[in-house]
Each structure stands twice: as structure tokens, then as C-alpha cells.
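Biologist: Could you walk me through this protein, one question at a time? I am new to reading structures, so please show me how you reach each answer.

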Amino acid sequence: MWNVTDWQKVVFRDESRFVWGTDDNRVRVWRRPAYDSRSTLIVMRGTLTGQRYVDDILRPHVGPFLNGLPRAIFQQDNARPHTARNAQDFLRHFQTLPLPAHSPDLSPVEHVWDQLKRQMLSCHST
């Protein structure tokens, strides 16, 4: 059974898709991992593939961050880009929190994305 100390080692990552404008132009916003601080948002247009996840997210942002935290455990959901072979190959150098298929997203950031989307809807509807 995990305790608070164990969960403090987990680096939660999360992303969300937003629709900006009226042309159904979907934009993916990804929050760079950080402990007890704000982090930059990474905005990506287009489809997120496994290769793009490695090239644009894991290699430039997650890898360097996790290298600085040797006992960190990286958590991500089971989205296809995250479970792609090349993403898994990249992450084999790091400790990850395995999740069973069809498991709920454990990231507490999900609530932040939901609130942000609600705020954006209220801004655009007035």
C-alpha cells in the first residue's frame, strides 16, 4: 500500500484539447511537469502521434525534468500516443507508474483543465 511519501514522488503529466474559435480548430495544451510551482504550457496544433509525443514533449521537456529527479515516478494515462512503442522505448530509462487498460486518469490536473474550459466558454458566450 502506498503512503503520502510514495505519492509525492509521482510526477503527474496531463494534457487537454481545446477548441479555439468557431472553425473547430482543435489545439492541444500540455502542461510541463513541475513540483510545487507553475510551469509553462505547451500549445500544439494538429494530431498528437506517438512520434510527435516523443519529439515535442518527452525528449525536450519530460526527459530533462525527470533526469533532475532520480527517484521520480512518471505517470501518464493510456492515450494512444503515450502507449506507442516509441514513447514506451523512450520512457524505459525512467520509472513509470503502470496503469491497467481503461483505467481512470489519476492526474489531479484534470479538474484544472475542466475549470479552464468552463471559464473559456463563459468568456466566449458573453
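What follows is a set of questions and answers about this predicted model.

Biologist: Which pattern of helices and strands does the protein chain follow along the sequence?

Modeller: Let's begin with the parts list: the protein chain has five helices and five strands. Writing α for a helix and β for a strand, we then read them along the sequence. The pattern is α-β-β-β-β-α-β-α-α-α.

Biologist: Is Val11 buried or exposed?

Modeller: Val11 sits in strand S1, which covers residues 10–12. A residue is called buried when its relative accessible area is under 20%. The value for Val11 is 3%, so Val11 counts as buried.

Biologist: How far apart are the C-alpha atoms of Val11 and Gln75?

Modeller: Along the chain, Val11 and Gln75 are 64 residues apart. In space, the separation between their C-alpha atoms is 5.9 Å.

Biologist: Which side chain does the side chain of Gln76 join in a polar contact of 2.5 Å?

Modeller: Gln76 lies in the loop between strand S5 and helix H3, and at 9% relative accessibility it counts as buried. Leaving out residues up to four places away in sequence, Gln76 touches several residues, including Arg13, Tyr53 and His82. The Gln76 side chain also reaches the backbone oxygen of His82 at 3.3 Å. The side-chain partner at 2.5 Å is Tyr53.

Biologist: Which helix gives the largest share of the largest nonpolar core?

Modeller: In soluble globular proteins, nonpolar side chains tend to be buried together. Here the largest nonpolar core has 17 residues, and those with the most contacts inside it are Tyr53, Leu58, Leu66 and Phe74. Strand S4 (41–45), helix H2 (50–67) and helix H4 (85–91) each supply at least two residues of this core. The largest share, seven residues, comes from H2.

Biologist: Tyr53 has come up twice now, so which residues does Tyr53 touch, not counting those up to four places away in sequence?

Modeller: Tyr53 is one of the residues with the most contacts inside the largest nonpolar core, and its side chain has the polar contact with Gln76. Not counting residues up to four places away in sequence, Tyr53 touches Arg13, Leu48, Leu58, Phe74, Gln76, Pro81, His82 and Ala87.

Biologist: Are the rings of Phe90 and Phe94 stacked, edge-to-face or tilted?

Modeller: The structure holds one aromatic pair. The rings of Phe90 and Phe94 have their centres 6.0 Å apart, and their planes meet at 40°. Planes under 30 degrees apart would count as stacked and those over 60 as edge-to-face. An angle of 40° falls in neither group, so the Phe90 and Phe94 pair is tilted.

Biologist: Are Phe90 and Phe94 buried or exposed?

Modeller: We can use the same kind of check here, with buried meaning under 20% relative accessible area. Phe90 has 16% relative accessibility, and Phe94 has a relative accessible area of 17%. Therefore Phe90 and Phe94 both count as buried.

Biologist: Which helix holds the salt bridge of Arg52 and Asp56?

Modeller: Side chains of opposite charge can pair when their charged atoms come close. In Arg52 and Asp56, the closest N and O atoms are 3.1 Å apart. The two residues are four apart, about one turn of the helix, and both lie in helix H2.

Biologist: How many salt bridges does the whole structure have?

Modeller: Besides Arg52 with Asp56, the side chains of Asp55 and Arg59 meet in a salt bridge at 3.0 Å, N to O. Asp55 and Arg59 also both lie in helix H2. A search of the whole structure gives a total of two.

How values were computed: Residues are numbered from 1 along each chain as its sequence is written. This is a predicted model: local features need pLDDT of at least 70, side-chain atom pairs count only at pLDDT 80 or more; totals for chains, interfaces and linings use all residues. Side-chain values use heavy atoms; hydrogens and water are left out. Buried means under 20% relative accessible area, exposed over 50%, partly exposed in between (1.4 Å probe, protein chains only). Contact means heavy atoms within 4.5 Å. A polar contact is a pair of N or O atoms within 3.5 Å; within protein, one must be able to donate a hydrogen and the other to accept it, and residues adjacent in sequence count only if both atoms are side-chain atoms. Rings of Phe, Tyr and Trp (its six-membered ring) pair if their centres lie within 6.5 Å; planes under 30 degrees apart count as stacked, over 60 as edge-to-face and the rest as tilted. A nonpolar core is a set of buried Ala, Val, Leu, Ile, Met, Phe, Trp, Tyr and Cys residues joined through side-chain atoms within 4.5 Å. A salt bridge is a side-chain nitrogen of Lys or Arg within 4 Å of a carboxyl oxygen of Asp or Glu.
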